[in-house]
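Visitor: Could you take me on a close look at the part of this model where the small molecules sit? I am new to this, so please go slowly.

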Amino acid sequence: MAIKNIGVLTSGGDAPGMNAAIRAVVRCAIGKGFKVTGIRQGYRGLLKGDMEELTPRNVSECMQRGGTMLETARCPEFKTPEGIAAGAQMCRDKGIDALVVIGGDGSFKGARALSEAGILTIGIPGTIDNDISCSEYTIGFDTALNTAIEAVDKIRDTCASHHRCSVIEVMGAHAGYIAVETAIATGAEVVLVPEIPFDFEKEVIDAILSGEKKGKKHYIIIMAEGIDMSAGKIAKRIKDETGIDTRETVLGHIQRGGSPTVRDRVMASRMGERAVNLLEQGMTNRVVVVKDGEITDMDITDGLNMKKSVDPGLYNLVKTLSI
Ligand code: ADP
Ligand code: F6P
């Protein structure tokens with residue numbers, strides 16, 4: 001089917017770099033003679049028909065901005081057969097015959113359903129968590145890491161001044177990728193992630209007590225938000241059991257904003273280009289991924305069935321380097 005009009009939307013949690021991906025989709029598509037329709041607020045906007053044609057000028061000045069110029073949303077009604085049918089019908093009513101969906105696994109399930117309903121769809125992995133199993137990299141991860149380490153470095157300054165311990169929670173809904181690389185990059189004593197069980201007494205309390213004996217002056221504990229203890233509870237236990245003055249910090253949504261790093265801008269641009277090339281070839285139900293360091297693509301169902309987890313070697317490196 002020769003396509004004429006490519007829709008693009010962002011869905012799920014936003015991520016720095018999404019604008020670069022949108023820009024690449026728009027400019028690559030228009031360069032190939034396609035029209036592009038920007039759909040606002042993800043699948044919610046698709047169902048409402050909240051969309052407009054995009055030109056190369058519409059995506060000027062956006063690459064350096066965090067967030068998504070198309071806004072994003074979560075849309076539970078799209079998880080129903082009626083929602084999918086309505087979304088596909090809206091595409092047909094608006095003359096959209098192909099769609100690029102920038103988001104995470106949930107968004108790709110919506111893309112797959114639209115593909116089954118006859119709309120060519122390609123997914124681009126965008127989430128700061130880097131927890132999309134079929135891709136080694138997701139747009140926003142590098143920027144979120146740099147935001148986190150900048151914050152932790154500042155916390156380390158005051159920790160060192162006060163001989164304190166700081167417990168710092170980073171994002172990652174159910175994944176410890178941000179936590180592990182932040183811990184290595186900030187020289188943390190300990191990292192706690194949901195994927196790897198830990199013995200709190202041995203891996204936290206004993207690490208601090210032995211640090212005291214070794215003359216350490218302060219302690220940084222990085223925890224992923226998905227573990228089953230709060231930062232406050234961890235801080236209290238450390239204070240109670242070691243006597244070290246301890247404070248907790250939850251970095252929160254600061255990790256979701258900010259100007260994208262060069263890695264995210266370039267990765268997003270390359271992924272946007274690949275998505276348009278796939279649609280030009282008439283491909284559908286594919287997700288653009290990074291595999292063995294290269295940008296490629298795979299069937300969405302195969303991608304959704306894959307599993308990946310935090311690299312134990314990286315996880316263990318935190319402890320190795322914190323002697
Ligand atoms: P992410 O894409 O980051 O994983 P969500 O899981 O919140 O974020 O999914 C984003 C949106 O994708 C949901 O709000 C919904 O509109 C759509 N979606 C999620 N799962 C499905 C599904 N199984 N079928 C159809 N649409 C889905
Ligand atoms: O999925 C990205 C993410 O930032 C997670 O790390 C975090 O747990 C979640 O989104 C927060 O979602 P919301 O922005 O809806 O509060």
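**Around the two ligands**

Guide: Let's begin with a single contact: an oxygen atom of ligand 2 lies 3.4 Å from a polar backbone atom of Ala-173 (a polar contact is a pair of N or O atoms within 3.5 Å). This is a predicted model, in which local features need pLDDT of at least 70 and side-chain atom pairs 80 or more, while totals for chains, interfaces and linings use all residues. Residues count from 1 along each chain as written, chains are lettered from A and ligands numbered from 1 in written order, and side-chain values use heavy atoms, without hydrogens or water.

Next to Ala-173 in the list of residues around ligand 2 is Gly-172, whose backbone offers an N or O atom 3.1 Å from a ligand 2 oxygen. From its side chain, Arg-74 brings a polar atom to 2.6 Å from an oxygen of ligand 2. Taken on its own, ligand 2 has 400 Å² of accessible area, and the protein covers 71% of it (Shrake-Rupley method, 1.4 Å probe).

Who else is around ligand 2? Thr-127, Ile-128, Asp-129, Met-171, Glu-225, His-253 and Arg-256 are also there (a heavy atom within 4 Å). By class, this shell holds three nonpolar, three polar and four charged residues (Asp, Glu, Lys and Arg are charged; Ala, Val, Leu, Ile, Met, Phe, Trp, Tyr, Cys and Pro nonpolar; the rest, with Gly, polar). Domain 1 (5–140 + 260–304) and domain 2 (145–256) each supply at least three residues to the ligand 2 shell (bounds from an automatic or database assignment).

Arg-74 now leads us to ligand 1, as one of the closest among the 14 residues surrounding that ligand, together with Cys-75, Gly-104, Gly-106 and Ser-107. A side-chain N or O atom of Arg-74 is 3.1 Å from a ligand 1 oxygen. Gly-104 uses a polar backbone atom, 3.0 Å from an oxygen of ligand 1, while Ser-107 reaches with a polar side-chain atom to 2.5 Å from a ligand 1 oxygen. Alone, ligand 1 exposes 550 Å², of which the protein buries 78%. The shell of ligand 1 has three nonpolar, seven polar and four charged residues.

Note on methods
A polar contact is a pair of N or O atoms within 3.5 Å; within protein, one must be able to donate a hydrogen and the other to accept it, and residues adjacent in sequence count only if both atoms are side-chain atoms.
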